[in-house]
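What follows is a guided reading of one structure, to be taken with the model open alongside the text. Please look first for the bound ligand and the residues that surround it.

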Amino acid sequence: MSEINRAVKGTNDVLPEDSYKWQYIEDKMLKTAALYGFKEIRVPVFEHTEVFKRSVGDTTDVVQKEMYTFDDKGGRSITLRPELTAGVIRSVIENGLYNQSLPQKVCYIGGCYRYEKPQAGRLREFHQFGVECIGAAAPAADAEVIALAQNILTSIGIEGLSLEVNSIGCPTCRSKYHEALKAYFESKKENLCDTCKERLDRNPMRILDCKSPVCKDIAKDAPVMLDFLCEECGEHFETVKTLLSEMGIEYTVNPTIVRGLDYYTRTVFEFVSGDIGAQSTVCGGGRYDRLMEQMGAPATASLGFAMGIERLLMVLENTGKDLGSKPVCDIYIAPMGENALKKASSLCSTLRKEGFSAQTDICGRGLKAQMRYANKIGASYSVVLGDNELETEIIRLKNMENGEEKEININSLAEALRK
Ligand code: ATP
Ligand code: MG
């Protein structure tokens, strides 16, 4: 097939046959988030490149290797968003939302773009649902946001994920940790990948998140942040864990989670699936108490998470879970002749006003072809309209599943369908 008929590598279409699954999931996500007070925010697909460099961090894989960056015709450096938090925070600052009552709770759904090696569960265009809770410093916020993530996963039918939590501290406790990490990695410098060699001075924690197998192996025995937490960060983490337990949320502490984005502080967490192979993290999140400040606003403690919708769909499909139901066609009206077509159109519009999905011929086809089409689209009922039916106003409503027919008055179609 020529290139013009092929989607770009790492991108997928959602076909009409499958879009109901997306609608089902997205609807559950927005409704569950609304129960906790999160309202949807929509931000642009692209931002000034600096927005991501500043927030995600310029020593991260995302910024160093994965961004779709280009100059627009006005000479601005533009980047397709690799994630949404940065753009959302930019908008929160630009629109002064942090001056309104806090916490501000926002959620989003949208496409993200990362130049990664496409494989199962890893795409170049993928979609995230996420939430941001702006202006909430207490551990109760961490527990609530984690509970929301879990509640959303349960509401779409995903159970049995493991929740892994960790704390990566604050700049105060992290400086000591950086020293320890540097000392550790310095002794293994020769074997680190080139990117990590450079990271050693600027941001040794990033080495912990490197995907290269050699770096991963070296990172296994590296010191962990948990041993370096300052008193406040330690207390914060303890309280988050207690609150999770009180809510009946099971978790394990995984001291190796550092997350791939620089803006995280203190609590970080991931929900991991055992059902979808190597790309197993379906949701990741945490606190980013410094981000607002880094982006030029007053310091405002905040946190959030993002889930990958494609990965959630993989889990649901692999576990054979129901994803809502396919949209139905309630009735197909098959007209024969011009007068019947007019009547069919007006009947359809009346039925649609009543909330029924009704279709009729818009291709000028004969009766046989129309009925084949009605079958293909899975119409629940059908009606044939000819001159005779127009005259007597009596029609035969056919149940397409069992073939049963019932004579009814043409004006009581909606009533008959309702039964
Ligand atoms: P990973 O370790 O899998 O690369 P990440 O740490 O880069 O994930 P985040 O930036 O935290 O991921 O994004 C949140 C979620 O978005 C991930 O948990 C995952 O479900 C999804 N996600 C991230 N990158 C991709 C991708 N390239 N393709 C599909 N889903 C993705
Ligand atoms: Mg990644």
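In this predicted model, the element that contributes the largest share of the shell around ligand 1 is β10, with 3 residues. Strand β10 spans residues 281–287, and together with β6 (125–134) and β11 (302–308) it belongs to the elements that each supply at least two residues of that shell. The shell counts 15 residues, of which Arg-114, Glu-116, Arg-122, Leu-123 and Arg-259 come nearest to the ligand. Sorted by class, the shell is made up of 6 charged, 5 nonpolar and 4 polar residues.

Which atoms of the protein side chains and backbone lie opposite the polar atoms of ligand 1? The side chain of Arg-122 places an N or O atom 2.9 Å from an oxygen atom of the ligand, while for Leu-123 a backbone N or O atom lies 2.9 Å from a nitrogen atom of ligand 1. A further pair involves Val-282, where a polar backbone atom is 3.4 Å from an oxygen atom of the ligand. Of the 580 Å² of accessible area that ligand 1 has on its own, the protein covers 92%.

One of the residues that come nearest to the ligand, Arg-259, also deserves attention for its backbone. Arg-259 sits in the loop between β8 (252–253) and β9 (265–272), and its phi is near 70°, a positive value in a residue other than glycine. Most residues other than glycine have a negative phi, and most peptide bonds are trans. The second part of that background applies to another loop, the one between α4 (85–94) and β5 (104–113), in which Pro-103 is found; here the peptide bond that joins Leu-102 and Pro-103 is cis, with omega about 0°.

The helices offer a last point to examine. Helix α1, residues 19–35, and helix α5, residues 139–155, have axes that come within 9 Å and cross at roughly 145°, and the crossing of the two is right-handed. On the α1 side, Tyr-24, Lys-28, Met-29, Thr-32 and Ala-33 take part in the contact, and they meet Leu-148, Asn-151, Ile-152 and Ser-155 of α5. By class, this contact between α1 and α5 has 5 nonpolar, 3 polar and 1 charged residues.

Terms used
Residues numbered from 1 in each chain as written. Chains lettered and ligands numbered in written order. Predicted model: local features only at pLDDT ≥ 70, side-chain atom pairs only at ≥ 80, totals over all residues. Heavy atoms only, no water. Near = heavy atom within 4 Å. Polar contact = N/O pair within 3.5 Å; in protein donor to acceptor, adjacent residues only side chain to side chain. Areas by Shrake-Rupley, 256 points an atom, 1.4 Å probe, with all protein chains shown as cover. Helix = DSSP H or I, 4+ residues; strand = E, 2+ residues; numbered from the N terminus. Nonpolar A, V, L, I, M, F, W, Y, C, P; charged D, E, K, R; others polar. Axes fitted to C-alpha atoms, helices over the stretch in contact; angles between N-to-C directions. Left-handed = near helix turned anticlockwise from the far one by under 90°. Contact = heavy atoms within 4.5 Å.
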